[in-house]
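I opened this notebook to record what I looked up in one structure, entry by entry. I begin with a term that the entries rely on.

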Amino acid sequence: MVDTQQAEHEPELIEEGQSPEQVPPENLGLVIAHIPFARKLALQFCKRRLHFGIEREDFESAALLGLVDAARRFDRRKGMSFKTFCYFRVRGTMFDLLR
């Protein structure tokens with residue numbers, strides 16, 4: 001059962017008939033183009049946090065999840081570059097991994 005109040009509060013970038021979990025088709029290219037960037041952030045993050053005992057692959061997985069989440073939420077109309085937008089989301093998912 002879908003809560004209609006919750007559906008009303010979904011971000012505007014979700015088109016009618018599109019699931020909130022889907023990346024808009026126009027943003028799929030952004031994900032592919034920024035995979036190396038996300039992996040680089042994961043490597044940098046891992047090198048600085050070796051004492052936490054988390055493997056590099058785990059940071060990479062979190063970074064890629066953050067990248068997909070950023071692409072799903074990205075709205076070009078707000079004037080921010082995707083690279084800047086995904087930087088914060090990718091780092092956020094890696095910090096979430098540390099919790």
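Entry 1, a term and its use. I call a residue buried when its relative accessible area is under 20%, exposed when that area is over 50%, and partly exposed in between. I looked up Y87 on this scale, and because its relative accessibility is 29%, Y87 counts as partly exposed.

Entry 2, confidence. I noted at the outset that this is a predicted model. I found a mean pLDDT of 81 for the protein chain, with 77% of its residues reaching 70 or more. Over residues 1-18 the pLDDT is below 50, and I found that this stretch has 13 contacts in the model beyond near neighbours in sequence. I keep in mind that where pLDDT is low, the predicted coordinates should not be read in detail.

Entry 3, the chain as a whole. I looked up the secondary structure, which comes to five helices and zero strands, so that the order of elements from the N terminus on reads α-α-α-α-α. Of the 99 residues in the protein chain, 35% are buried. The chain exposes about 7000 Å², and I noted that carbon and sulfur atoms supply 54% of that area. Among contacts between residues at least 6 apart in sequence, 67% join residues at least 24 apart.

Entry 4, helix α3. Does the end-to-end distance of α3 agree or disagree with the span expected at 1.5 Å a residue? The 14 residues of α3, numbered 35-48, should span 20 Å, and because the end C-alpha atoms are 20 Å apart, I recorded agreement. The buried residues of this helix are F37, A38, L41, A42, F45 and C46, and what covers them includes α4 (56-73) and α5 (82-98). When I read that list, I recalled that an α-helix has 3.6 residues a turn, so residues three or four places apart point the same way.

Entry 5, helix α5. I made the matching check on α5, which has 17 residues and reaches 25 Å from its first C-alpha to its last, close to the 24 Å expected at 1.5 Å a residue. Its buried residues are F82, C86, V90, G92, T93 and M94, and I found that they pack against α2, α3 and α4. I then looked at G92, which has its place in helix α5 and counts as buried because its relative accessibility is 17%, under the 20% cut-off. G92 and G66 are 26 residues apart in sequence, yet I found their C-alpha atoms 7.5 Å apart in space.

Entry 6, the nonpolar core. Which residues have the most contacts inside the largest nonpolar core? That core has 21 residues, and those with the most contacts inside it are F59, A63, L67, F82, C86, V90 and M94. I noted that α2 (28-33), α3, α4 and α5 each supply at least two residues of this core. Taking V90 by itself, and leaving out residues up to four places away in sequence, I found that V90 touches L41, A63, G66 and L67.

Entry 7, aromatic pairs. A search of the whole structure finds five aromatic pairs. For F74 and F85 I noted ring centres 5.6 Å apart and planes at 55°, so the pair is tilted. This pair links distant parts of the chain, since F74 sits in the loop between α4 and α5 and F85 in helix α5, 11 residues apart. F74 counts as buried because its relative accessibility is 7%, whereas F85, at 26%, counts as partly exposed. The rings of Y87 and F88 have their centres 5.1 Å apart and their planes at 85°, so I entered this pair as edge-to-face. F88 has a relative accessibility of 57% and therefore counts as exposed. I also recorded that ring pairs link F45, F59 and F95 into a cluster.

Entry 8, two loop residues. Is H34, which lies in the loop between α2 and α3, buried or exposed? I found a relative accessible area of 15%, so H34 is buried. Apart from residues up to four places away in sequence, H34 touches L67, F82, K83 and C86. P25 has its place in the loop between α1 (4-8) and α2, and because its relative accessibility is 62%, P25 counts as exposed. I closed with the C-alpha atoms of P25 and A71, which are separated by 9.7 Å although the two residues are 46 residues apart along the chain.

Key. Residues are numbered from 1 along each chain as its sequence is written. This is a predicted model: local features need pLDDT of at least 70, side-chain atom pairs count only at pLDDT 80 or more; totals for chains, interfaces and linings use all residues. Side-chain values use heavy atoms; hydrogens and water are left out. The expected span of a helix is 1.5 Å times one less than its number of residues. Buried means under 20% relative accessible area, exposed over 50%, partly exposed in between (1.4 Å probe, protein chains only). Contact means heavy atoms within 4.5 Å. Rings of Phe, Tyr and Trp (its six-membered ring) pair if their centres lie within 6.5 Å; planes under 30 degrees apart count as stacked, over 60 as edge-to-face and the rest as tilted. A nonpolar core is a set of buried Ala, Val, Leu, Ile, Met, Phe, Trp, Tyr and Cys residues joined through side-chain atoms within 4.5 Å. Accessible areas come from the Shrake-Rupley method with a 1.4 Å probe; for residues, only the protein chains shown count as cover. pLDDT is the predictor's confidence in each residue, from 0 to 100.
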